[in-house]
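The following paragraphs lead the reader through a ligand site and then through one residue elsewhere in the chain.

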Amino acid sequence: MQKPNLQQAKKRSNKKVPVINDFVIDDKLLALGLHKKYFIKTYGCQMNEHDSEKIAAMLEKMQFQVASNMEEADVIILNSCSIRENAHNKVFGMIGQLKQLKEKKEDLILVLCGCMPQEEIVVNKILTKYEWLDIVFGTHNIINFPNLLAKCIDERKPQIEVFSKEGEIYESLPVKREYPHKAWVNIMFGCDKFCAYCIVPYTRGKQRSRTRQYILKEIKKLIAGGCWEVTLLGQNVNAYGKDLSENYYFADLLNDIGKLDIARVRFMTNHPWDLNDDIIKAMQQNDNIMPHIHLPLQSGSDRILQKMNRNYTKDEYIKLYFKLKEAIPNICISTDIIVGFPGEEAKDFSETLAVVNKCQFDYAFTFIFSKREGTPAAAMADKTLREEKEARLQKLNKYISAYTLNSNMQFKNTTVRVLVDGFSAKNKAVLTGYSENMKRVNFYGDEQLIGQIVPVKITEVKTWSLFGEIVSTKKG
Ligand code: 5AD
Ligand code: SF4
């Protein structure tokens, strides 16, 4: 058993990051999944979604087949998220529910992976309260999953293996992409920003950028396979390359990817700290870089921003925001905001509202501060009552949804280009996809449009989506 250690995970050094490029599944394991099925449930961010695509591909290489529901599966994998307490609660709730399934089906293998296993408190809780889990592994040892699975089946014993190292880079992992027409591409892993509230630098390790050769090779392969859109993934893509000694940064990468024959390039997420003029210029100069950026504000109070270790003031944020709007006039800007950070007073919250009123974000994700054990903010005095924090969130959300609707109104009666993902989960006659500005668009259309970029005239505007009519079915 190898347990996690957050103190260890916090360490950073300038040691060169090893790149592991020889991932192969042992021949002996290639039939492990014959006549067996797997089900993956993913919680949290796109990074986790993409990790699940890698885990699925490993399982399929071992001949496991995807199950359509948990009841049908022989292996159930929960790829977990640590970002807030409610993410934890959801996963623990699911582990609790799975106990019944396990009792009915003795051979069922239950796996917990992702960010939660990186925390000592989680692993200790599992050992004492959730002993029916069979395999627990963390974000740093995905490549060992096939071996852990084989060992678990072979020894009929639980396997817990969580590394807390600074990290390394795995190239050549297989990926089972959810869509042929759009794909996630990791450009970096980990984070060194250490925002005071955030657990990610501990669960995902030190910032490690992939080298351009591997990234460009992956994207060229995707293009050859018919992919129209790539989303470059990193905890803070603007800092790409700062940990490499190649003098090649995010703007350079954007310019190189922008030259490729791909219709859409997106990226996320962006800390204002490293967003420089070269990046803005690259967005301006490459038509295939989509006019959308997710730029977390977190708070509009300088006092709180400082306590959060965000390294910018509200004025600097506002300046950057309007610089982007001026440079790319059709850009949509979304954000993240936390209310109720320790020590946030009514006055600080009003300052956040003032920034929201000034920027009028195209949309935003809003959260109540959640104490993450081991982070600096967990040790800060927090006297504000929960009810007060909830009232602040509600007030903020009222402003945010009004501005979101307002932003959506600008598209009424205009034609937007939509990359069609598939049928809407709510209505099987309605197709759904995203516009260039990252607005969800629904419209009636045929199945053959899935995976294509089509012009849609917006006829109806709601807060969380746009509705329209297809203008022509010509391929984009
Ligand atoms: N509490 C509340 N929100 C958090 N986030 C990150 N950590 C916490 C926390 N401890 C939010 C931030 C970040 C988004 C992904 O999640 O706003 O940008
Ligand atoms: Fe967390 Fe801050 Fe890193 Fe984003 S930049 S992952 S909020 S520490």
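In this predicted model, a side-chain N or O atom of Q298 lies 2.6 Å from an oxygen atom of ligand 1. The side chain of D336 likewise places an N or O atom 2.6 Å from an oxygen atom of the ligand. For R84, the distance between a side-chain N or O atom and an oxygen atom of ligand 1 is 2.9 Å. Considered alone, ligand 1 exposes 410 Å², and the protein buries 86% of that area.

The surroundings of the ligand may now be set out in full. Ligand 1 is surrounded by I83, R84, Y197, Q298, D336, I338, F367, I368, F369, S370 and R372. Sorted by class, this shell holds 6 nonpolar, 2 polar and 3 charged residues. Which strands each supply at least two residues of the shell? They are β15, spanning residues 332-339, and β16, spanning residues 363-368.

Attention now turns to N442, a residue of strand β19, which covers residues 440-444. Is N442 buried or exposed? Its relative accessibility is 14%, and N442 therefore counts as buried, since the limit for that class is under 20%. Leaving aside residues up to four places away in sequence, N442 touches two runs of the chain: V430, L431 and T432, and also S465, L466, F467 and G468.

Conventions:
Residues are numbered from 1 along each chain as its sequence is written. Chains are lettered from A and ligands numbered from 1 in the order in which they are written. This is a predicted model: local features need pLDDT of at least 70, side-chain atom pairs count only at pLDDT 80 or more; totals for chains, interfaces and linings use all residues. Side-chain values use heavy atoms; hydrogens and water are left out. Helices (H or I, at least four residues) and strands (E, at least two) are DSSP runs, numbered from the N terminus. Buried means under 20% relative accessible area, exposed over 50%, partly exposed in between (1.4 Å probe, protein chains only). Contact means heavy atoms within 4.5 Å. A residue is near a molecule or strand if one of its heavy atoms lies within 4 Å of it. A polar contact is a pair of N or O atoms within 3.5 Å; within protein, one must be able to donate a hydrogen and the other to accept it, and residues adjacent in sequence count only if both atoms are side-chain atoms. Accessible areas come from the Shrake-Rupley method with a 1.4 Å probe; for residues, only the protein chains shown count as cover. Ala, Val, Leu, Ile, Met, Phe, Trp, Tyr, Cys and Pro count as nonpolar, Asp, Glu, Lys and Arg as charged, and the others, Gly among them, as polar.
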